[in-house]
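Please open the model in your viewer and keep the selection panel at hand. The stops below are meant to be taken in order, each beginning with something to select.

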Amino acid sequence: MKSRLFSRGLAGLFTVVALLLSGCGYNDFQRLDEQTKSAWSEVLNQYQRRADLVPNIVATVKGEANFEQETLTKVVEARARATSMQVTPETLNNPEAFAKFQAAQGELSSALSRLLVVTENYPNLKANQGFQDLRVQLEGTENRITVARNRYIQAVQAYNVLARSFPNNLTAMVFGYTVKPTFSVQNEAQISTPPTVDFNKK
């Protein structure tokens, strides 16, 4: 009899706890946290796609006689810095690590933009179908990065609103759900616009 009463009491306690947790946003934190992780994974996938294109672009451009070595070197170095940074799930909760990673990606974007601008001075590259194909792939990837990043920003915004809202902020404090960093305005200005180069200019 006592065992049955204890089991009922325990079940009732779990029910109350479950209701309290669902009422204070615990389940919403779980859902939105997973959404931000999923959105961030897609951002990383697109960054990796871009990084994978760089060696082919550099190899193609190297074939052009007298091409500006400094421009190529900056692209190679920027890619090395961007791909050498270790990104873990904790990066999403570390504003400093997040900012460093985004700065490295922004540097690579700038170096690639400069490379594409410089190639306008080389008619052979303009006529090179392989280079043209790589350029199209790069521009497409930059667009995918923009889309993936915007989805991440939206996911983080929903999560952060929940984390800052009462009474959910109390749940956040109890379970350690901190506000997540997102792209700053400076980073957005630097890396949100894909390189645009008109190779038909004469």
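Begin by selecting E139 and R135, both of which are buried. Bear in mind from the outset that the model is predicted. Show the side chains of the two residues, and a salt bridge appears between E139 and R135, with the closest N and O atoms 3.1 Å apart. Both residues belong to helix α6, and because they are 4 residues apart in that helix, about one helical turn separates them.

Stay in α6 and move the selection to E142, adding R50 to the view. These two residues form a salt bridge as well, in which the closest N and O atoms are 3.1 Å apart. Here the partners come from separate helices, E142 from α6 and R50 from α2 (residues 26-62), so the pair ties together parts that are 92 residues apart in sequence. Is E142 buried or exposed? With a relative accessibility of 2%, E142 counts as buried, and R50, at 0%, counts as buried too.

While α2 is on display, select Q46, which is also placed in that helix. Its relative accessible area is 9%, so Q46 is buried. Leaving aside residues up to four places away in sequence, Q46 touches T141, R144, I145 and A148.

Next, bring up helices α4 and α6 together and look along the place where they pass. Two packed helices are described by the angle between their axes and the distance between the axes. For α4 and α6 (residues 129-164), the axes come within 12 Å and cross at roughly 150°. Angles over 145 degrees count as roughly antiparallel, and the two helices are therefore roughly antiparallel to each other. The crossing of α4 past α6 is left-handed.

To see which side chains make up this contact, select F98, S109, L112 and L116 on the α4 side, together with F131, R135, L138, E142 and Y152 on the α6 side. Colouring this selection by residue class should give 6 nonpolar, 1 polar and 2 charged residues. R135 and E142, met at earlier stops, are among the α6 residues of this contact.

Now select A111, which is placed in α4 (residues 95-118). A111 has a relative accessible area of 12% and is buried. Which residues does A111 touch, not counting those up to four places away in sequence? They are K74, V75 and A78. If you draw a distance between the C-alpha atoms of A111 and A78, it should read 7.0 Å, although the two residues are 33 residues apart along the chain.

Remaining in α4, select R114 and then E68, which form a salt bridge whose closest N and O atoms are 3.9 Å apart. R114 lies in α4, whereas E68 lies in the loop between α2 and α3 (69-84), so this pair ties together parts that are 46 residues apart in sequence. Both partners are partly exposed, R114 with a relative accessible area of 46% and E68 with one of 30%.

For the last stop, select D33, E34, K37 and K180, which are linked in a network of salt bridges. Side chains of opposite charge can pair when their charged atoms come close. How many salt bridges does the count come to? The count comes to 10 salt bridges, and the pairs visited on this tour include E142 with R50, R114 with E68 and E139 with R135.

Terms used:
Residues numbered from 1 in each chain as written. Predicted model: local features only at pLDDT ≥ 70, side-chain atom pairs only at ≥ 80, totals over all residues. Heavy atoms only, no water. Buried < 20%, exposed > 50% of the residue type's maximum accessible area, 1.4 Å probe, protein only. Contact = heavy atoms within 4.5 Å. Axes fitted to C-alpha atoms, helices over the stretch in contact; angles between N-to-C directions. Parallel < 35°, antiparallel > 145°, perpendicular 65-115°, else oblique. Left-handed = near helix turned anticlockwise from the far one by under 90°. Nonpolar A, V, L, I, M, F, W, Y, C, P; charged D, E, K, R; others polar. Salt bridge = Lys/Arg side-chain N within 4 Å of Asp/Glu carboxyl O.
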